[in-house]
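Me: I would like a close look at a single strand of this model and at the elements arranged around it. Please treat the matter formally and give one connected account.

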Amino acid sequence: SRHFTRNNGIPPEDVDPSTWTLTIDGFVDNPMELTIADLREQFEVVTMALTLECGGNGRGFFNPPAKGNQWTYGAVACSEWTGVRLKDVLEKAGVQSNVVYTAHYGADGHLSGDPDKLPISRGVPIEKAMTDNILIAFEMNGEALHPMNGAPLRLMVPWKYGFKSIKSIVKMTFQEKEPPTSWNLASA
């Protein structure tokens, strides 16, 4: 109930779960646009206790100091996340054999507020995306996601820093190479 919040972009204002869609495209046999209702109906819904940690957890103690939020303690939490396995969605989409990386995009805006600047996006190697413990989540601790925790749909990538767990996710593209973004830390 006391999960930390950290945003790498300006959260979207309209997070109505009844109209939200997730686009799956790129090198897939069956591009899809899925609603949250589609996810619930077409895939097994699971709940997992997953830990999420900000990449800056403990940054306030660094010497020399590092840029960014000066977290001391507390930027790590374990909650129960409910959603569908990313792997199941990818199997239905038919990820092609040339795919090496996923690209994930949220509906947030750039922190500067400039609509011409792209917000942070992340991805993961396809072999990680096809594991059993990555969720496309629509609930946290038995309730619909709160806007500060990524409403209405969030990717949960538990073995990577929190910036890989894209909030308010709207699109996943499957690529032959890593996404071209200055904030893509594939090894983080």
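The reply below begins with the strand in question and then moves outward to its neighbours, the loops and the chain as a whole.

Reply: The model is a predicted one, and the part chosen for close inspection is strand β6, which comprises residues 135-140. Is this strand mostly covered or uncovered? Strand β6 is mostly covered, as six of its six residues are buried.

The pairing of β6 may be taken partner by partner. Strand β4, formed by residues 76-85, runs antiparallel to β6 and is joined to it by five bridges. Within this pairing, V84 has I136 of β6 as its bridge partner. Strand β8, residues 154-156, is also antiparallel to β6, and the two pair over three bridges. Here I136 appears again, with L155 of β8 as its bridge partner. I136 is thus bridged to V84 and also to L155.

A further partner is strand β7, made of residues 143-144, which runs antiparallel to β6 and is connected to it by two bridges. One bridge pair in this arrangement consists of M140 and E143, the latter in β7. Strands β6 and β7 form a hairpin with two residues between the strands. What is notable about the backbone of N141? N141 has a positive phi of about 55°, although this residue is not a glycine. N141 belongs to the loop between β6 and β7. With a relative accessible area of 36%, N141 is partly exposed, whereas the six residues of β6 are buried.

From β6 the description passes through β4 to the next strand. Strand β4 pairs with β3 in the antiparallel sense, over nine bridges. Within that pairing, L52 stands opposite A77 in β4. Strand β3 spans residues 45-53 and has two faces that differ in cover. Which residues form its covered face? The covered face consists of V46, M48, L50 and L52, while V45, T47, A49, T51 and E53 make up the uncovered one. In a regular strand, side chains alternate between the two faces of the sheet. L52, which stands opposite A77, is a member of the covered face of β3.

The loops that link these strands contain further backbone features. Between β3 and β4 lies the loop that holds P64. The peptide bond from N63 to P64 is cis, with omega near 10°. Another cis peptide bond joins A151 and P152, with omega about -5°. P152 is placed in the loop between β7 and β8, and both of these strands pair with β6.

S168 lies in the loop between β8 and β9, the latter comprising residues 169-175. Like N141, S168 is not a glycine, yet S168 has a positive phi, of about 45°. Is S168 buried or exposed? At 4% relative accessibility, S168 counts as buried, since the threshold for that class is under 20%. N141, by contrast, is partly exposed.

Another loop, between β5 (101-106) and α3 (126-129), contains G113. The relative accessible area of G113 is 47%, so this residue is partly exposed. G113 and L90 are separated by 23 residues in sequence and by 33 Å in space, taken from C-alpha to C-alpha.

It remains to set β6 within the whole chain. The chain contains three helices and nine strands. Along the sequence, these elements follow the pattern β-β-α-β-β-α-β-α-β-β-β-β. The radius of gyration is 16 Å, close to the 16 Å that the globule rule gives for 188 residues, so the chain is as compact as a globular protein of that length. Along the principal axes, the C-alpha trace spans about 50 × 35 × 30 Å.

Buried residues account for 47% of the 188 residues in the chain; in β6, six of six residues are buried. Of the contacts with a separation of 6 or more, 71% are between residues 24 or more positions apart. The accessible surface of the chain comes to about 9,500 Å², and 51% of that surface belongs to carbon and sulfur atoms. The chain carries 17 positive and 22 negative charges, whose mean positions are 10 Å apart.

In summary, β6 is a mostly covered strand that pairs antiparallel with β4, with β8 and with β7.

Notes
Residues are numbered from 1 along each chain as its sequence is written. This is a predicted model: local features need pLDDT of at least 70, side-chain atom pairs count only at pLDDT 80 or more; totals for chains, interfaces and linings use all residues. Side-chain values use heavy atoms; hydrogens and water are left out. Buried means under 20% relative accessible area, exposed over 50%, partly exposed in between (1.4 Å probe, protein chains only). Helices (H or I, at least four residues) and strands (E, at least two) are DSSP runs, numbered from the N terminus. Two strands pair if DSSP finds at least two bridges between them. The radius of gyration is taken over C-alpha atoms; the globule rule is 2.2 Å times the number of residues to the power 0.38. Contact means heavy atoms within 4.5 Å. Accessible areas come from the Shrake-Rupley method with a 1.4 Å probe; for residues, only the protein chains shown count as cover. Lys and Arg count as positive and Asp and Glu as negative; His and the chain ends are not counted. The place of a charge is taken as NZ of Lys, CZ of Arg, CG of Asp or CD of Glu.
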